[in-house]
Amino acid sequence: MVIGNIRVPEAYGFLEKAVEESLFYAKSHDLAGLEPGAYKIDKERLFVNIVEYTTALQEKRFWEAHRKYADVHLILHGTEQIDLNFVCCMECREYVEEDDFLPMDGDKNVSAVLKEGDFLVCYPGDAHRTAVAVGKPEKIKKAIFKVRL
């Protein structure tokens, strides 16, 4: 897990090349102006999902992780809490390979509150519960880069 801010993508040169590439892509493109949907950047190696949703109470959200891709969550508008833990500390359910989706149950270890311009990199092995409301539920827009590792 890595937390940062898109205003200084060059500060994250220690990240994998493809993760760093997603940050520079975000910095040089108007992602906030895109309609929700999936946008390929480099075939299946790197793409971005633009999503809009309303955050919810923690107990209404679910845990997930991935095996093939890292997620780079970038907040475009709004505020979102993302709860975090490690897959090894969770009770895993059946992996859905075609969606690279590992559902699980468990408790948070830590939480990150992300605002406009903030990003969170979740690697395989990082369990995350997204769309948790900070205070009252609010509509947010974000980019989720999927980075093939």
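This report covers the pockets, the cysteines and one loop residue of a predicted model.

## Pockets

The largest pocket holds about 340 Å³ of space. Its lining counts 21 residues. Nearest the centre of the largest pocket lie Asn49, Glu64, His66, Ile144 and Lys146. Four strands each give two or more residues to this lining: S3 (46-54), S5 (69-77), S11 (126-132) and S12 (139-148). By class, the lining of the largest pocket splits into nine charged, eight nonpolar and four polar residues.

The second largest pocket holds about 180 Å³. It is lined by 13 residues. Closest to the centre of the second largest pocket are Ile6, Ala26, His29, Leu74 and Leu76. Helix H1 (17-28) and strand S5 each supply two or more residues here. S5 gives the most, with four residues. The lining of the second largest pocket divides into seven nonpolar, three polar and three charged residues.

Strand S5 thus appears in both linings: it is listed for the largest pocket and for the second largest pocket.

The lining classes are set out below.

| Pocket | Nonpolar | Polar | Charged |
|---|---|---|---|
| Largest pocket | eight residues | four residues | nine residues |
| Second largest pocket | seven residues | three residues | three residues |

## Cysteines

How many disulfides does the structure hold? It holds zero. Cys92 is in no disulfide, and the nearest cysteine sulfur, that of Cys88, is 9.0 Å away. A disulfide needs two cysteine sulfur atoms within 2.5 Å. Cys92 is partly exposed, with a relative accessible area of 37%.

Why is Cys122 without a bond to the closest cysteine sulfur? The sulfur of Cys122 is 14 Å from that closest sulfur, in Cys88, so the gap is too far for a bond. Cys122 is buried, at a relative accessible area of 1%. Cys88 therefore carries the closest cysteine sulfur to Cys122, and Cys88 also carries the nearest one to Cys92.

## Thr79

Thr79 sits in the loop between S5 and strand S6 (80-86). Is Thr79 buried or exposed? Thr79 counts as buried, because its relative accessible area is 16% and the cut-off for buried is under 20%.

Which residues does Thr79 touch, leaving out those up to four places away in sequence? They are Thr55, Val113, Leu114, Lys115, Val134, Glu138 and Ile140. Among these contacts, Ile140 falls within the range of strand S12 (139-148), one of the strands that line the largest pocket.

Notes
Residues are numbered from 1 along each chain as its sequence is written. This is a predicted model: local features need pLDDT of at least 70, side-chain atom pairs count only at pLDDT 80 or more; totals for chains, interfaces and linings use all residues. Side-chain values use heavy atoms; hydrogens and water are left out. Buried means under 20% relative accessible area, exposed over 50%, partly exposed in between (1.4 Å probe, protein chains only). On a 1 Å grid over the protein atoms alone, a cavity is a set of points where a 1.4 Å probe fits but cannot get out, and a pocket is an open set with protein on both sides within 12 Å along at least five of seven lines; lining residues have an atom within 4 Å of a point. Grid points are joined across faces, edges and corners, and a volume is the space filled by probe spheres set on the points. Ala, Val, Leu, Ile, Met, Phe, Trp, Tyr, Cys and Pro count as nonpolar, Asp, Glu, Lys and Arg as charged, and the others, Gly among them, as polar. Contact means heavy atoms within 4.5 Å.
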